[in-house]
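Here are some notes for your reading of this model, set out as numbered points. Please keep the structure open beside them as you go.

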Amino acid sequence: MRAEEAIGALLQLKPDKAMLVIDDGEREIAADAIEVGDCLRVRPGERIPADGEIIEGNSTVDESMLTGESLPVAKVLGDEVTGGSLNGAGALMVRATRVGGDALLMQMVRLVEAAQAGKAPIARLADVVAGYFVPAVLVVGAVAAVGWLWAGEDLSFALQVFVAVLIIACPCSLGLATPAAIMVGTGRGAHLGILFKSPEVLETAHKVDAVVLDKTGTITEGRPQVVAVEPLNGRRADEVLSLAAAVERGSEHPLAAAIVAAATERGLAVSEAIDVVASPGKGAQATVEGEDVVVGNRAMMAAVGVRVDEDSGSADGATVAWVAVAGALVGRVALADRPRPQSKDDVARLRQGGLEVVMLTGDSRPAAEAVARQVGIETVRAEVLPADKAATVQALQAEGRCVAMVGDGINDAPALATADVGMAFAAGTDVAAASAPVVLMHSRLADVARAIELSRAVVRTIKQNLFWAFFYNAAGIPVAAGALYLFGGPLLNPMLASLAMAFSSVSVVMNALRLRRFG
């Protein structure tokens with residue numbers, strides 16, 4: 001089935017051998033013998049034998065089988081690589097950081113196996129029904145046999161009726177109805193990069209009617225970017241950005257890094273800054289080409305005596321870094337965490353599926369509402385502390401909603417665990433992924449809708465299978481008991497009954513296999 005194919009495809013990605021770098025050269029070892037901290041040589045065209053960090057060289061790496069990313073990803077010194085991915089044209093030296101069962105590849109295999117091994121609640125219902133169904137069939141068969149004996153038929157005839165009833169009513173199709181769909185569904189999900197950790201969550205997801213989305217890293221790209229540069233007092237935009245980048249170049253703050261990155265992308269010359277003084281939470285100041293330059297927020301400007309108009313705040317929720325030279329404003333740089341390019345379409349797909357979409361974030365309300373407008377979300381819960389995110393999910397559940405929570409950070413973990421269905425992006429933190437019963441390997445918002453749609457397809461298939469199994473038995477038992485013979489028709493031969501029983505099981509499996517075409 002597709003489930004076994006998905007696991008097999010993942011296991012085939014793991015190479016058998018690895019080239020260990022030692023003091024006096026290199027030595028080939030079994031991939032299973034790699035230990036954390038080992039330095040491994042990966043030649044062009046080879047599969048990377050373990051999760052690790054690049055300590056020498058650069059290349060492109062094909063991660064399509066693991067992440068779904070169709071294009072090779074550029075990797076340079078310090079980047080992380082995943083075991084099982086395919087190295088491109090460059091030679092790499094990798095320091096192993098996760099091996100054996102801790103490796104991402106083996107974690108994926110375990111999740112798929114665990115999901116297939118469990119039972120969905122609807123499967124347990126089928127087991128309960130089968131527990132009553134089997135004794136009932138025995139009684140029906142015995143009553144039919146005794147009835148025909150009482151009607152004057154011989155013992156051979158009565159035994160034939162009894163055996164035919166038992167064979168045609170064999171609950172094989174009933175037992176296959178749910179696990180066949182679960183196995184094909186989880187396998188298809190793994191192939192699409194959607195890992196369900198249990199069959200329970202695969203079933204529960206079809207009931208979801210409210211989706212709570214964390215903003216940063218889920219709806220947005222998770223990193224601030226310069227969206228506008230507004231020069232003042234006769235300065236040019238490039239000049240303002242260059243001055244800001246000179247002051248911020250030595251800072252590790254995300255906003256500072258975004259300013260420097262924007263200057264680099266525009267190819268601007270950035271002068272050296274001296275006497276740099278940082279003011280945490282406000283900004284920084286330095287001397288650039290003999291002039292005193294200050295970059296920061298409104299509080300920073302007030303601290304150095306530069307007046308900023310009250311009505312000249314940020315546009316559309318963006319964060320503003322003001323730039324002043326020699327005590328006078330020369331411009332402002334607007335920064336924002338932009339929505340992912342496909343977020344608007346992905347949110348629309350969720351709403352078309354009948355789902356209420358809620359944005360949940362700790363950011364300020366203006367910034368949150370600006371992003372919400374861009375992607376088409378009407379309900380926004382802003383300025384929510386990490387500890388209160390789970391309470392927000394619980395409030396929706398108290399309204400009778402079945403809630404899916406989607407996040408990628410440590411602060412999302414409590415909410416992911418509280419939700420009826422927690423979905424974590426694989427590109428996020430390990431804590432988030434551990435707290436969520438669904439892991440989205442591609443880290444795409446589109447896969448949230450796809451996961452719910454897959455769950456609905458699986459449950460729909462299970463119901464079809466159960467209906468067919470019950471209908472088949474309900475129609476077949478009277479025929480096997482001799483209902484047609486009673487009115488002058490043929491008596492069902494036990495061999496034909498066994499053929500019909502097998503056909504029932506095959507039809508259930510074939511119906512489940514249709515899920516292989518999902519997506």
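1. Asp275 is exposed in this predicted model, its relative accessible area being 59%. Because the class of exposed residues begins over 50%, the value of 59% places Asp275 within that class.

2. As to its setting, Asp275 belongs to strand β13, which covers residues 273-279. Together with Glu289, Glu291 and Asp292, Asp275 forms a negative patch on the surface. Membership of such a patch calls for over 30% relative accessible area and no salt bridge, and the 59% computed for Asp275 should be read with the first of these conditions in mind.

3. A patch of another kind, nonpolar in character, is made by Leu149, Leu155 and Leu159, and its area comes to about 280 Å². Of these residues, Leu155 is placed in helix α5, which comprises residues 155-168. Leu155 counts as exposed because its relative accessibility is 54%, where the cut-off for that class is over 50%.

4. Turning to the strands, an open sheet is built from 3 of them, arranged in the order β6-β5-β8 with antiparallel pairing. Its edges are formed by β6 (73-75) and β8 (86-87), each of which pairs on one side only.

5. Within that sheet, strand β5, made up of residues 59-62, runs antiparallel to β8 and is joined to it by 2 bridges. For a reader who wishes to inspect this pairing residue by residue, Val61 has Asn87 of β8 as its bridge partner.

Definitions and conventions
Residues are numbered from 1 along each chain as its sequence is written. This is a predicted model: local features need pLDDT of at least 70, side-chain atom pairs count only at pLDDT 80 or more; totals for chains, interfaces and linings use all residues. Side-chain values use heavy atoms; hydrogens and water are left out. Patches are made of residues with over 30% relative accessible area and no salt bridge: like charges are joined within 9 Å, nonpolar side chains (Val, Leu, Ile, Met, Phe, Trp, Tyr) within 5 Å. Accessible areas come from the Shrake-Rupley method with a 1.4 Å probe; for residues, only the protein chains shown count as cover. A salt bridge is a side-chain nitrogen of Lys or Arg within 4 Å of a carboxyl oxygen of Asp or Glu. Lys and Arg count as positive and Asp and Glu as negative; His and the chain ends are not counted. The place of a charge is taken as NZ of Lys, CZ of Arg, CG of Asp or CD of Glu. Helices (H or I, at least four residues) and strands (E, at least two) are DSSP runs, numbered from the N terminus. Buried means under 20% relative accessible area, exposed over 50%, partly exposed in between (1.4 Å probe, protein chains only). Two strands pair if DSSP finds at least two bridges between them.
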